[in-house]
Amino acid sequence: AVVSTQSGHYGRALNFACFVVITISYVFINFLSTQSSAQLGKDNKNKMIRRRNAKMQRKISIIIATDFCCWIPFVVISCLHSLDVIDATPWYALFSILILPINSVINPILYDDTITSFVNTSCIRIKSKVNSLKTTFTDSRVQVEQINDIDL
């Protein structure tokens with residue numbers, strides 16, 4: 001029992017250490033990108049580079065946030081379990097079958113510009129349809145009000 005408890009502590013420490021190293025790496029990339037953007041001039045070519053860097057910085061922030069949301073709860077619950085604060089045995093299946101694989105699915109989506117472009121285009125189309133429906137509804141309402149204003 002002592003060996004499994006020690007290996008559990010090492011596993012949690014390793015999970016947390018990996019998360020910290022990944023986060024520090026992404027923050028460092030973000031920092032270098034910010035410095036690079038700040039050093040660029042104001043001409044059109046550099047504006048494109050600054051936009052690309054800003055886009056990369058947004059992606060990095062989202063990746064860090066999704067990693068945090070998926071991994072830190074697991075580490076916290078594992079620590080609380082090892083300290084006998086809670087019995088997290090039922091939670092392990094949930095994390096290993098649902099939560100952690102979600103993180104594995106989300107990361108490639110965040111890295112791929114094709115999927116991001118598809119989502120953005122879809123959102124624009126949906127917004128356009130909603131605005132069109134609002135306009136149609138408003139026009140119809142105005143017509144009904146005009147009909148009601150006619151004296152018979």
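At which residue does α3 bend, and by about how many degrees? In this predicted model, the bend in α3 falls at Phe-95 and comes to about 50 degrees. The helix in question spans residues 89–111 and comprises 23 residues, and the distance from its first C-alpha to its last is 33 Å, close to the 33 Å expected at 1.5 Å a residue. Phe-95, the site of the bend, belongs to the buried residues of α3, together with Leu-100, Asn-103, Asn-107 and Leu-110.

The overall architecture is helical, in that the secondary structure of the protein amounts to 4 helices and 0 strands, and the order of elements from the N terminus on is α-α-α-α. Of the 152 residues of the protein, 19% count as buried, while the area that the protein exposes is about 11500 Å², with 68% of it supplied by carbon and sulfur atoms. Among the contacts in the protein with a separation of 6 or more, 64% are accounted for by residues 24 or more positions apart.

One set of contacts involves Thr-66, a residue placed in helix α2, which covers residues 44–82. When neighbours within four places in sequence are left aside, Thr-66 is in contact with Asn-103, Ile-106, Asn-107 and Leu-110. Of these partners, Asn-103, Asn-107 and Leu-110 are listed among the buried residues of α3. Thr-66 itself has a relative accessibility of 16%, and because the cut-off for burial is under 20%, Thr-66 likewise counts as buried.

Helix α2 also contains Trp-71 and Phe-74, and the structure holds 1 aromatic pair. In that pair, the ring centres of Trp-71 and Phe-74 lie 6.2 Å apart and the ring planes meet at 85 degrees, so the arrangement is edge-to-face, given that planes over 60 degrees apart are assigned to this class. The two residues are 3 residues apart in helix α2, and they are therefore separated by about one helical turn. In general, an α-helix has 3.6 residues a turn, so residues three or four places apart point the same way. The members of the pair fall into separate accessibility classes: Trp-71, with a relative accessible area of 25%, is partly exposed, whereas Phe-74, at 14% relative accessibility, counts as buried. The assignment follows because burial requires a relative accessible area under 20%, and partly exposed residues lie between that value and 50%.

Methods. Residues are numbered from 1 along each chain as its sequence is written. This is a predicted model: local features need pLDDT of at least 70, side-chain atom pairs count only at pLDDT 80 or more; totals for chains, interfaces and linings use all residues. Side-chain values use heavy atoms; hydrogens and water are left out. The expected span of a helix is 1.5 Å times one less than its number of residues. The bend at a residue is the angle between axes fitted to the seven residues ending there and the seven starting there. Buried means under 20% relative accessible area, exposed over 50%, partly exposed in between (1.4 Å probe, protein chains only). Contact means heavy atoms within 4.5 Å. Accessible areas come from the Shrake-Rupley method with a 1.4 Å probe; for residues, only the protein chains shown count as cover. Rings of Phe, Tyr and Trp (its six-membered ring) pair if their centres lie within 6.5 Å; planes under 30 degrees apart count as stacked, over 60 as edge-to-face and the rest as tilted.
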